[in-house]
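Here is a walk through a multi-chain model, written for someone who likes to see the cut-offs next to the claims. Have a look at the sequence and the structure before reading on.

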Amino acid sequence: MPYALCFLLFMIGLYCAVVKKNMVKIVIGIMVMEYAVNLFLIMLGYRFGGRAPIVSQEDITGAGGQLSELFIGKCVDPLPQALVLTAIVISLGSLALMISICIRTYERYGTFDITQIRRLRG
Amino acid sequence: MAVFYILLLFIVIAAIIAVETQDLLSSVICVGAIGFGGSLMFLFLRAPDIAITQIVVEVLGLIILIRATIARDFTFITGDREFFGMVVSIVIIFAVGLAGMKVFETLPDFGTPIFTQVPEAASQTYTAEGLQKTGAANLVASVILDFRAYDTLGEATVLFTSIIGATVILRKKAKKLLEDLDE
Amino acid sequence: MKGMTIIVKTIASWVKVLIFLFGIYIILFGHLTPGGGFAGGVILASSYVLLMLAFGREFVEKNLPLPLASKLDCLGAFLFALIAILGFVFGGAFFVNFLVEKYGQPLELLSAGTIPLSNIAIGIKVGASLFLVILVLSIFRPGQSGSEKE
């Protein structure tokens, strides 16, 4: 059931990116979609009563770094967290690029409306 | 479990407000609220790395978004869309919605991740042997910088390229060159 | 971009050092506690953005000018690629952690091979990139603009 709410968030972002006419609203819709996807990936790796994947001193049994069975049995999945970490920083870079395109277009045409940009000629 | 539902409801309400309001400054503030709620969700889902990264990235993203929306005079955008565009949009949204519903049947239940049911998954190796093979106590850092370092190299390249693209688009000399060429 | 009132300027000049120090801490301890290169780099950039918002753009441009920021960006990316190639030279495969058991015990600051070095390179790169893009966004001044006070 939390998956359904996450999918609802994605559909709200998709609706905003497809239907709206203001360029900044389209950018906001893309950002909401990215938030929804990151949230969904982390929710896939969650385990009830789990622990964060950080090892502390009492989890190490044995020489050479053997981990205790309690830690391995309760740890949440570290792989989706690694993927989402890079995805969050990439979304910031693409936001900067999209906003710079919006600012340039406003400079040239005087409006943020995409239907008017289609009809003006230079 | 109840705290997940409360936070998700907060995020969905903030998203609806961000999409529907006419004032651009209000929708930027609601995007900030979505990011903040998302960071709290990550903290409760036992991912502290991601929570730190999300909150600081969201603060810088808000500064970039406000730069585009402040001090610009808008006319409120009215007028109806053409009919064909509206039909195509509705078809796209329906298609994605139906495809998403089909995926729900294949997902495992919330709280039992996939790697507990598949004994040869990659995450079993990452949690069991991460400290031995790399010596890092933070298992996520050992995954992104040792086991999967190629992905980090690709991410650094993408960030580099997008920042160069933004710098090139916003250059002032190009504008002057374009005006000289137009004559 | 003009600056702000004198209260904001005073507080910002005290707080910016703490934010910068916190960013360095998050980068250096990335293999022991949550954090890592990306979050630490963004915190470093945001300390400079605080300075830019409080004092105005020209003050920060004298401190860290635009060519130097882009050189730091390229330096961070080059260091990261250099660590990868050294892994190939010394270890036999690209990106191998070739220092993995040479120094330190687990759970200490000096441990885990090339992971702290990669964290430092990525921190420099991400911090310089984000500072560069916000500086360029504030230099670009559109033709008709109201009071650009933010």
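What follows goes from the chains to their contacts, then to a few helices and residues.

First, the ground rules. This is a predicted model, where local features need pLDDT of at least 70, side-chain atom pairs count only at pLDDT 80 or more, and totals for chains, interfaces and linings use all residues. Residues are numbered from 1 along each chain as its sequence is written, while chains are lettered from A and ligands numbered from 1 in the order in which they are written.

**Chains A and B**

Both of these chains can be described through their helices and strands, taken as DSSP runs numbered from the N terminus (H or I and at least four residues for helices, E and at least two for strands). Chain A has five helices and zero strands, and chain B has eight helices and zero strands.

Two further terms come in here. A residue is buried if 20 or more other C-beta atoms lie within 10 Å of its own, exposed if 12 or fewer, and partly exposed in between, with C-beta atoms placed from the backbone. Two residues are in contact if their C-beta atoms, placed from the backbone, lie within 7 Å. With those in hand, chain A has 43% of its 122 residues buried, and for chain B the figure is 37% of 183 residues. Among contacts with a separation of 6 or more, residues 24 or more positions apart account for 59% in chain A and for 32% in chain B.

Chain A is also drawn out: its radius of gyration is 22 Å, whereas a compact globule of 122 residues would be near 14 Å. (That radius is taken over C-alpha atoms, and the globule rule is 2.2 Å times the number of residues to the power 0.38.) Along its principal axes, the C-alpha trace of chain A spans about 75 × 30 × 15 Å.

**Who touches whom**

How many residues of chain B are in contact with chain A? The count is 71 residues of chain B against 68 residues of chain A. On the chain B side, helix 3 gives the most, with twelve residues. By class, that side has 47 nonpolar, 18 polar and six charged residues. Here Ala, Val, Leu, Ile, Met, Phe, Trp, Tyr, Cys and Pro count as nonpolar, Asp, Glu, Lys and Arg as charged, and the others, Gly among them, as polar.

A nonpolar core is a set of buried Ala, Val, Leu, Ile, Met, Phe, Trp, Tyr and Cys residues joined through C-beta atoms within 7 Å. The largest one has 114 residues, and A:Val32 and C:Val42 have the most contacts inside it. Helix 5 of chain C supplies the largest share of this core, 15 residues.

Leaving aside neighbours within four places in sequence, A:Val32 is in contact with residues of chains A and B, including A:Leu9, A:Cys16, B:Ala15 and B:Ile34. A:Ala82 lies in helix 4 (residues 78–109) of chain A and is buried, because 25 other C-beta atoms sit within 10 Å. With the same neighbours left aside, A:Ala82 is in contact with B:Val140, B:Val143, B:Ile144 and B:Arg148. The C-alpha atoms of A:Ala82 and A:Val32 are separated by 20 Å, the two being 50 residues apart along the chain.

**Two helices up close**

The expected span of a helix is 1.5 Å times one less than its number of residues.

| Helix | Residues | Expected span | C-alpha end to end |
|---|---|---|---|
| Helix 1 of chain C | 23 residues | 33 Å | 34 Å |
| Helix 2 of chain B | 21 residues | 30 Å | 31 Å |

In both rows the two lengths agree. Helix 1 of chain C still has a kink of about 30°, centred on C:Val15; the bend at a residue is the angle between axes fitted to the seven residues ending there and the seven starting there. Its buried residues are C:Gly23, C:Ile26 and C:Ile27, and they pack against helix 2 (37–55) and helix 5 (115–139) of chain C.

Helix 2 of chain B has buried residues that include B:Cys30, B:Ile34, B:Gly37 and B:Phe42. These buried residues pack against helix 2 (23–44) of chain A, together with helix 1 and helix 3 of chain B.

Just after helix 2 of chain B, B:Arg46 takes a positive phi of about 65°. B:Arg46 sits in the loop between helix 2 and helix 3 of chain B, and it counts as buried because it has 23 C-beta neighbours inside 10 Å.
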